[in-house]
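Colleague: I'm new to this one and would rather understand one part well than skim the whole thing. Could you pick a single stretch and walk me through what surrounds it?

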Amino acid sequence: MSNTPGRESDPSEETLRLLFVGDVFGRPGRKALARGIGRLGGAAFLDAIVVNGENLAGGKGLNTKTATECFQMGVTAMTTGNHLFDQKDVMVLLQKDKRVLRPLNYSDECPGTGASVYVLPGGQTLGVINLIGRVFMAPSDCPFHAADRVLSFWDRSDIRPDITVVDFHGEASGEKRAMGFHLDGRVHLVYGTHTHVQTNDLEILPGGTLYLTDIGLTGPRWSVIGVSPEAALSKYRTHVPAPFEVASGELLFCALLVVLKKSGEGCWVVDESRLIREGDKADEA
Ligand SMILES: [Fe+2]
Ligand SMILES: [Fe+2]
């Protein structure tokens, strides 16, 4: 295994190109996502695209309109987080669209599902598990045991997907890194979302799992995690709540591109991985 950025795959090998995108923030985020996918050659050149959609609609939650916009770009699955219920319309998505996940370790009575298996264009199966942290976050069930339970269920039911990835939506880097070690050797990838700040710790853990603490923001670049600096500063300086305002201007696309290849034993292993953090002029077509 290697994670050499920029190395080209051997075209004779069977490979899969998977794109993971963190928190996509409002209209600027959706625009940056479309352009980012385009710069990678378009959805046709990717075997799967997994996006965190908790900030899709004006920075607060997601709804049918904004989720549909992403699915039309070729998004395979959409994870979420603590902003899941900011838009009422999300209930329809959770009940009807298996592509939209909610944190697995929410209550069993919460609508929707927290882990699903998707069939990729080449017939391979991709399992996506959406977890949420408990450190500096609202109470939820244990994400570590929730991950154990779903992996055990997939094994018992003989539906273990060919590739398994985990979006751990959390605030604390320590909790996310602990999850990396908890799942090391049992899944292909553990990555974090929620902080809207990309970390520089992409690496393969000793057991073979690719790990990243946070993918970072896809949205307005000159912002305070998506919000206009003026609105954010006003609140911090005066303590007076300020109107929530999505920042405008230059765009930022943060993502993780992972190339998998078949090992001699027929298992998918990480061949390449590349962190992406690209600025983009707001007015470019
Ligand atoms: Fe977020
Ligand atoms: Fe979040």
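**Helix 1 and its surroundings**

Modeller: Let's take helix 1. Its buried residues are covered by a set of elements that includes strand 1, strand 2, helix 2 (64-72), strand 10 (219-220), strand 11 and strand 12 (268-280). Keep in mind that this is a predicted model.

So which residues of helix 1 are buried? They are Gly 26, Pro 28, Gly 29, Arg 30, Lys 31, Ala 32, Leu 33, Gly 36 and Ile 37. Arg 27 also has its place in helix 1, but Arg 27 counts as partly exposed, because 17 other C-beta atoms lie within 10 Å, while a buried residue needs 20 or more. If you want a landmark for Arg 27, try Asp 280: the two are 253 residues apart along the chain, yet their C-alpha atoms are separated by 14 Å.

You can also check the length of helix 1. At 1.5 Å a residue, its 14 residues should span 20 Å, and the C-alpha atoms at its ends are 20 Å apart, which agrees. Just after helix 1 you'll meet Gly 41, which has a positive phi of about 105°.

Now for the strands on either side of the helix in sequence. Strand 1 (residues 15-23) has 7 buried residues out of 9, so it is largely enclosed by the rest of the structure. One of its partners is strand 11 (residues 251-262), and the two pair in the antiparallel sense over 7 bridges. If you find Leu 18, its bridge partner in strand 11 is Val 258. The other neighbour to look at is strand 2 (residues 48-52), which runs parallel to strand 1 and is joined to it by 5 bridges. Leu 18 has a bridge partner in strand 2 too, namely Ala 48, and further along Asp 23 is matched with Asn 52 of strand 2. Between strand 1 and strand 2 the chain goes through helix 1 (residues 26-39), and this β-α-β crossover is right-handed.

Strand 2 itself is mostly covered, with 5 of its 5 residues buried. Both of its faces are covered: Ala 48, Val 50 and Asn 52 are buried on one side, and Ile 49 and Val 51 on the other. From there the pattern carries on to strand 3 (residues 77-79), which pairs with strand 2 in the parallel sense over 3 bridges. Asn 52 stands opposite Thr 79 in strand 3. To get from strand 2 to strand 3 the chain passes through helix 2, in another β-α-β crossover that is right-handed.

On the way to helix 2, stop at Asn 63, in the loop between strand 2 and helix 2. Is Asn 63 buried or exposed? Asn 63 is buried, because 20 other C-beta atoms lie within 10 Å of its own, and 20 is enough under the cut-off. Leaving aside neighbours within four places in sequence, Asn 63 is in contact with Ala 57, Gln 87, Asp 89 and Val 90. Leu 84 is 21 residues away along the chain, and its C-alpha atom is separated from that of Asn 63 by 9.5 Å.

What about the inside? In soluble globular proteins, nonpolar side chains tend to be buried together. Here the largest nonpolar core has 67 residues, and Phe 20, Val 51, Val 166, Val 190 and Ala 255 touch the most other members. Strand 11 gives the most to this core, with 8 residues. Phe 20 is a good one to click on: not counting residues up to four places away in sequence, Phe 20 touches Val 50, Tyr 191, Ile 215, Ala 255, Leu 256 and Val 258.

Tyr 191 takes us to another sheet. Tyr 191 has Leu 212 as its bridge partner in strand 9, and 3 bridges join strand 7 (residues 189-193) to strand 9 (residues 210-212), which run parallel. Packed on that sheet is helix 5 (residues 173-182), which touches strand 6, strand 7 and strand 9 and makes an angle of about 165° with the direction of strand 7. The sheet is an open one of 6 strands in the order 4-5-6-7-9-8, with mixed pairing. Strand 4 (115-119) and strand 8 (203-204) stand at its edges with a single partner strand each, so one side of each has no neighbour in the sheet.

Conventions
Residues are numbered from 1 along each chain as its sequence is written. Chains are lettered from A and ligands numbered from 1 in the order in which they are written. This is a predicted model: local features need pLDDT of at least 70, side-chain atom pairs count only at pLDDT 80 or more; totals for chains, interfaces and linings use all residues. A residue is buried if 20 or more other C-beta atoms lie within 10 Å of its own, exposed if 12 or fewer, and partly exposed in between; C-beta atoms are placed from the backbone. Helices (H or I, at least four residues) and strands (E, at least two) are DSSP runs, numbered from the N terminus. Two strands pair if DSSP finds at least two bridges between them. A crossover is right-handed if, with the strands pointing away from the viewer, the path from the first strand over the helix to the second runs clockwise. The expected span of a helix is 1.5 Å times one less than its number of residues. Two residues are in contact if their C-beta atoms, placed from the backbone, lie within 7 Å. Axes are lines fitted to C-alpha atoms, for helices over the stretch in contact, and angles run from 0 to 180 degrees between N-to-C directions. A nonpolar core is a set of buried Ala, Val, Leu, Ile, Met, Phe, Trp, Tyr and Cys residues joined through C-beta atoms within 7 Å.
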